[in-house]
Each structure stands twice: as structure tokens, then as C-alpha cells.
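Work through the exercises below with the sequence and the structure side by side, trying each task before reading its solution.

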Amino acid sequence: MAAIDKVRVLVVGDSGVGKTSLTHLIANNEPLTSPGWTVGCSVEVKLHEYKEGTPAQNTFFVELWDVGGSISHKNTRGVFYNPTHGIVLVHDLTNRKSQENLQRWLAEILNKDGKDALKGGDTIDMDPEQFLGSTQIPILVIGTKLDMLDESHKQKILNRTSAGSIAEQCGADEICLNCHEARSLAAGTTDSVKLARFFDKVIERKYHNRDTGRKYTSNYTSSATGTFGTFPTQLQAPTFTYLNANQATESLS
């Protein structure tokens, strides 16, 4: 039996926003009844059908790396950030600060070593062009605890535009859901389509050259400059090394 290729997706956000419940729902298609606090990192694995229903359909493992959000572990989280094939930024819809902090989480991942990339009240100078196009790292923004909003606020959230949000800045889709409701990501729903499209982009980013259909691995580093200075990224055009059919795939452990 042929080995199944895999990709690593980081799931990050403030402590308590519901990352563990979210990753469990995505991987198991059922709610987590008794979520706990994540210390360090917890990994869930989802079997994903790339381009399901098309001639290009293929099976991949998507590793969801749920990184603990405790500020006390901030200087050691960097060990989980490499390699990064996709990023899910998670915030609590009832906690506006957790949404504002997504810029800091993104800056921390780009900084790679987990140290403060932003000081004091500084904000990251986001360049949307860094995140757009097939050569850039895919990002998905997810708002949790939709069930905790009153009906009027819920409709306002669901009908709002992404203007000025980090999702718009990154050219990313945004999902708002209730992690305790299995139907939140039921097959055929708008949110499940967005999630599948995101995973497809992650797989394409790592494995597929869209012009030739050939597999590749990428070795890419560069730097970007914002208001907080220069930091290393993995967001620029990669160099490609084509794989033979029997060549081992990249280890994510």
C-alpha cells in the first residue's frame, strides 16, 4: 500500500478561544465533550480528500497542530512552527481582544523563534500581497463560540463583511461556528466547503505545481519588514526539488 502524504497546519490563537474543541471537531466530525487546557502542543489528524469528486482526487493526512496559547509558554512555542504548510488563526467571537491578537500570533509564527515580534502597542504592518497567490502560505481565520452570542449579534457577525479584518489583509476565508455542534462543518455546508478549499490550498502549496501537476518539496526562507523590524518568513517564492515516485516524503515529526 502506498504511503499517504501529509501536511502540517498550525492552529493558533489566545488561550481559551476553543482551539482544542475546534481541532477535535475537524478531525473527528464530532464535538469534544470535555476539552482541557493544552500544554505545549496537541496534534489531531484528519484524512482529507484533495479535490474530492474530480480526476485529481487523492488522499492526504492533515496534521492539525493545536499550539497552547498560554503566555507563559510564549518563548518556547517556536519549536512547533517549522515546517508550516498552513495556518488557522482562531479567535473567540465573544472576546474582541482575541481577534485583535491574531496579528500578534501571525507575527510570532513568522518570527519563528516564538519571541516578541511586537513590542508595547505596536501593530504588525501587514502586506496583503505577501499572502496572496499560489506561492504563498494559506491562512484560514475561524471565529468560535457562535452559540454564545445573542441572536441579533449573531446575525450581525454572520452578515458582516471582512473589510479591514486580518482575513481581508491575508486574502483568507473566514468561518464562524459553534464547536459543540457537529453540523457546524457538515458536508455540503458553506463552512465545510471553505475548510476543504483551505486544505486543498495547503496541499497544493506543499506538493503540487499547478502547471505540470508534478510533485515537489520546497526549501524557502526570506525576510519581511514591518513596524517591528525584520523577521524571517516562509512566505516568498520557493525553490523546487522534484521527487521521484519512491522518494520518502518530508517528515513532520
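**Exercise 1. A cis peptide bond**

In which loop is Pro83 found?

Solution. Pro83 is found in the loop between S3 and S4, where helices (H or I, at least four residues) and strands (E, at least two) are DSSP runs numbered from the N terminus. The next step is to inspect the bond that leads into this residue: the peptide bond from Asn82 to Pro83 is cis, with omega near 0°.

Before going on, note that this is a predicted model, in which local features need pLDDT of at least 70 and side-chain atom pairs count only at pLDDT 80 or more, while totals for chains, interfaces and linings use all residues. Residues are numbered from 1 along each chain as its sequence is written, and side-chain values use heavy atoms, with hydrogens and water left out.

**Exercise 2. Overall confidence and make-up**

Determine how confident the predictor is in the protein, and where pLDDT stays under 50.

Solution. Begin with the average: pLDDT, the predictor's confidence in each residue on a scale from 0 to 100, averages 78 over the protein, and 71% of the residues score at least 70. Then look for the weak stretches: pLDDT stays under 50 over residues 117–121, for which the model has 11 contacts (heavy atoms within 4.5 Å) beyond four places in sequence. Residues 216–253 likewise stay under 50, and for them the model has 94 contacts beyond four places in sequence.

To complete the overview, count the elements, which are six helices and 10 strands, and then consider burial: 48% of the 253 residues are buried, where buried means under 20% relative accessible area, exposed over 50% and partly exposed in between, with a 1.4 Å probe and protein chains only.

**Exercise 3. The largest nonpolar core**

Which residues have the most contacts inside the largest nonpolar core, and which elements supply it?

Solution. First fix the term: a nonpolar core is a set of buried Ala, Val, Leu, Ile, Met, Phe, Trp, Tyr and Cys residues joined through side-chain atoms within 4.5 Å. The largest one has 26 residues, and those with the most contacts inside it are Val9, Leu22, Leu64, Val88 and Phe199. Two or more residues each come from strand S1 (6–12), helix H1 (19–28), strand S3 (58–67), strand S4 (86–92), strand S5 (139–144) and helix H6 (190–207). The largest share, six residues, comes from H6.

Next, take Val88 and leave aside its neighbours within four places in sequence: Val88 is then in contact with Val9, Leu10, Val11, Val12, Leu22, Leu140, Ile142 and Phe198. Apart from this core lies another, of 20 residues, among them Trp65, Val67, Ile87 and Leu110. In soluble globular proteins, nonpolar side chains tend to be buried together.

**Exercise 4. An aromatic cluster**

Describe the geometry of the ring pairs that link Tyr50, Phe60 and Tyr207 into a cluster.

Solution. Rings of Phe, Tyr and Trp (its six-membered ring) pair if their centres lie within 6.5 Å, and planes under 30 degrees apart count as stacked, over 60 as edge-to-face and the rest as tilted. A search of the whole structure finds four such pairs. For Tyr50 and Phe60, the ring centres are 6.0 Å apart and the planes stand at 75°, so this pair is edge-to-face. Because Tyr50 lies in strand S2 and Phe60 in strand S3, the pair ties together parts that are 10 residues apart in sequence.

Phe60 also forms a tilted pair with Tyr207, at 5.5 Å centre to centre and 40° between the planes. This second pair links distant parts of the chain, with Phe60 in strand S3 and Tyr207 in helix H6, 147 residues apart. As a last step, check burial: Phe60 has 0% relative accessibility and counts as buried, and Tyr207 is buried with a relative accessible area of 1%.

**Exercise 5. Positive phi values and exposure**

Is Asn29 buried or exposed, and what is its phi?

Solution. Locate Asn29 in the loop between H1 and strand S2 (41–50). Its phi is near 60°, a positive value in a residue other than glycine, and Asn29 is exposed, with a relative accessible area of 53%. Lys51, in the loop between S2 and S3, has a positive phi of about 50° although it is not a glycine; Lys51 is partly exposed, with a relative accessible area of 32%.
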